[in-house]
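Q: Got a minute to walk through this one with me? Let's start with the pockets.

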Amino acid sequence: MVRQDDDRRERRGFENCAFGGVLLFFLFLIFFMVFLEPALGFFSYAADSASSEKELRGVWFSYLDWNEMPKSEAEFKERADRVMTEIQAEGMNAIFCHVHSHSDSYGQKLQSFPASRFMVTKEKSPSFDPLAYMIESAHRHGLRFHAWVNPYRVSGYLVKWADIPESSIVKKWAADPAKKRNVLLHGGEYYLNPSSEEVRNYLTGAIRELCANYDIDGVQFDDYFYPALDDSDPEKSFDKADYESSGSTLSLSDWRRDNVSKLVLAVHRTVHEVKKDAVFGVSPVPLLSSLRSEKAYFVDIDRWMSSADYVDYIMPQIYHGFEAKTGKGTPAKHAYAECLASWVKLKREKKSPVKLMVGLALYKAGTKSWDGNSTPEWLRFQDILAREVRAARESGEVQGFGIFDYQNFDDAAAQPELQNLRKVFSE
């Protein structure tokens with residue numbers, strides 16, 4: 001009431017003096033230009049800075065999602081806008097989008113690897129750049145765009161050796177007797193050799209090309225590092241021959257960890273050199289014991305978490321419920337609360353500068369996904385992901401989440417879980 005009365009008195013006072021009104025207007029204009037505009041600019045900058053520090057909430061958009069996009073440019077753009085609208089509507093603020101999934105590419109300006117067979121626009125609209133539009137649309141919808149990369153994978157599900165173009169650097173290396181060790185066949189699938197310096201340099205160059213040509217906000221590596229190995233079997237020892245010829249004084253396992261760390265270090269440095277404000281993160285498997293294994297992955301997680309030089313964030317894929325059990329019916333180490341606690345402990349022990357985030361499994365919501373229980377937890381509850389977000393927040397150490405993945409947004413069984421997740425994201 002006081003404010004309304006003051007306003008009425010001010011209006012009556014100036015109704016009888018037009019000159020006074022004009023004079024007051026110009027005085028206010030001068031005051032605004034000299035004092036208020038810079039101040040408002042400061043507050044706007046402060047608000048933007050605060051916004052950039054808010055909880056990251058992203059969804060993975062995989063090569064399978066790319067494969068579902070329309071072929072024509074107009075329909076592609078319409079669908080891309082709908083994708084971003086849906087992500088935004090679910091309370092998320094980022095997309096982790098495949099850019100290199102099988103030593104291939106999803107953008108017209110990426111020449112290090114050939115166009116992906118999953119990029120449906122590559123033949124229909126060769127002059128249209130789908131990746132550029134995805135990024136533009138994401139930003140227009142207030143979403144950050146992290147380029148998702150599988151660094152070593154060449155073949156795999158839906159991609160066979162015969163599908164890879166002869167023009168690919170992968171095929172050229174394989175055909176060159178001096179460079180054929182850059183590409184290794186293991187367990188029926190092909191991988192780029194992590195121990196090859198030429199491969200590491202080439203991959204780093206591909207990331208430089210990506211950052212230089214596209215307005216991305218980050219780069220993210222997935223969990224495809226070393227496959228499961230058996231060094232007692234020549235058919236499953238992968239790069240053991242390269243170790244034996246390297247003259248390294250490290251143990252074989254430490255040598256392999258060092259190979260991965262060299263690439264990660266170089267990529268982190270490159271991302272920040274080319275795009276100052278971009279971030280580099282890795283989304284590994286959930287168990288620390290798996291990352292420290294002597295048989296697979298060879299991720300030196302303790303080194304990475306102790307330094308600001310390797311990754312800006314780590315996002316373990318804790319794709320399990322609270323009640324996960326082993327085949328013997330005992331609580332599993334990968335059960336959500338215990339697994340999360342191990343990462344929180346690691347971050348605190350290392351006084352780590354690396355941001356901790358958590359990957360969550362939307363794809364299991366409402367399904368019979370086996371978890372060691374007679375009736376899967378995913379069938380008995382509809383708020384697992386929401387409770388997982390709250391538990392992570394309560395730790396005081398988690399600064400973001402990744403949801404796997406976009407294609408499950410439409411699953412009927414996942415809708416109750418997704419609705420509860422949307423609510424907790426709005427809190």
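A: Sure. Keep in mind that this is a predicted model. The second largest pocket has 23 lining residues, and Y63, R153, D222, Y224 and F404 are those nearest its centre.

Q: Which elements give two or more residues to that lining?
A: They are α3, residues 63-66, and β5.

Q: And what is the volume of the second largest pocket?
A: About 370 Å³.

Q: How does its lining split by class?
A: There are 12 nonpolar, six polar and five charged residues in the lining of the second largest pocket.

Q: Switching to closed space. How many cavities of 30 Å³ or more are there?
A: The structure has one. Its volume is about 70 Å³.

Q: Which residues line the largest cavity?
A: The lining consists of H100, S103, F113, V149, N150, P151, L203, A206, I207 and F221.

Q: Which helix gives the most to that lining?
A: Helix α8, residues 197-213, with three residues.

Q: How many charged residues are in the lining of the cavity?
A: None are charged. Seven are nonpolar and three are polar.

Q: OK, the fold. How many helices and strands?
A: The protein has 16 helices and 10 strands. Eight of the strands make a closed barrel with parallel pairing.

Q: In what order do the barrel strands run?
A: The order is β1-β2-β3-β6-β7-β8-β9-β10.

Q: Take β1 and β2. How many bridges join them?
A: Four. Strand β1 covers residues 56-61, strand β2 covers residues 94-100, and the two run parallel.

Q: Which residue in β2 is the bridge partner of F61?
A: F61 is bridged to C97.

Q: Is C97 buried or exposed?
A: C97 has a relative accessible area of 0%, so this cysteine is buried. C339 also counts as buried, because its relative accessibility is 1%.

Q: How many disulfides are there?
A: Zero. The rule asks for a pair of cysteine sulfur atoms within 2.5 Å.

Q: Back to strands. In what sense do β4 and β5 pair, parallel or antiparallel?
A: Antiparallel, over four bridges. Strand β4 spans residues 183-186 and strand β5 spans residues 189-192.

Q: What do β4 and β5 form?
A: A hairpin, with two residues between the strands. G187 sits in the turn and has a positive phi of about 60°.

Q: Which residue stands opposite H186?
A: E189, in β5.

Q: New topic: R257. Where is it found?
A: R257 is in helix α10, which covers residues 252-274.

Q: Buried or exposed?
A: R257 has a relative accessible area of 9%. The cut-off for buried is under 20%, so R257 is buried.

Q: What is R257 in contact with, leaving aside neighbours within four places in sequence?
A: R292, S293, E294, F298, V299 and D300.

Q: And how are R257 and R303 placed, in space and along the chain?
A: Their C-alpha atoms are separated by 9.8 Å. Along the chain, R257 and R303 are 46 residues apart.

Q: Last one, whole protein. What share counts as buried?
A: Of the 427 residues, 49% are buried.

Q: And what share of contacts joins residues at least 24 apart?
A: It is 73%, taken among contacts between residues at least 6 apart in sequence.

Definitions and conventions. Residues numbered from 1 in each chain as written. Predicted model: local features only at pLDDT ≥ 70, side-chain atom pairs only at ≥ 80, totals over all residues. Heavy atoms only, no water. 1 Å grid on protein atoms, 1.4 Å probe; cavity = no way out; pocket = protein on both sides within 12 Å on 5 of 7 lines; lining within 4 Å. Points joined across faces, edges and corners; volume = space filled by probe spheres on them. Nonpolar A, V, L, I, M, F, W, Y, C, P; charged D, E, K, R; others polar. Pairing = 2+ DSSP bridges. Buried < 20%, exposed > 50% of the residue type's maximum accessible area, 1.4 Å probe, protein only. Contact = heavy atoms within 4.5 Å.
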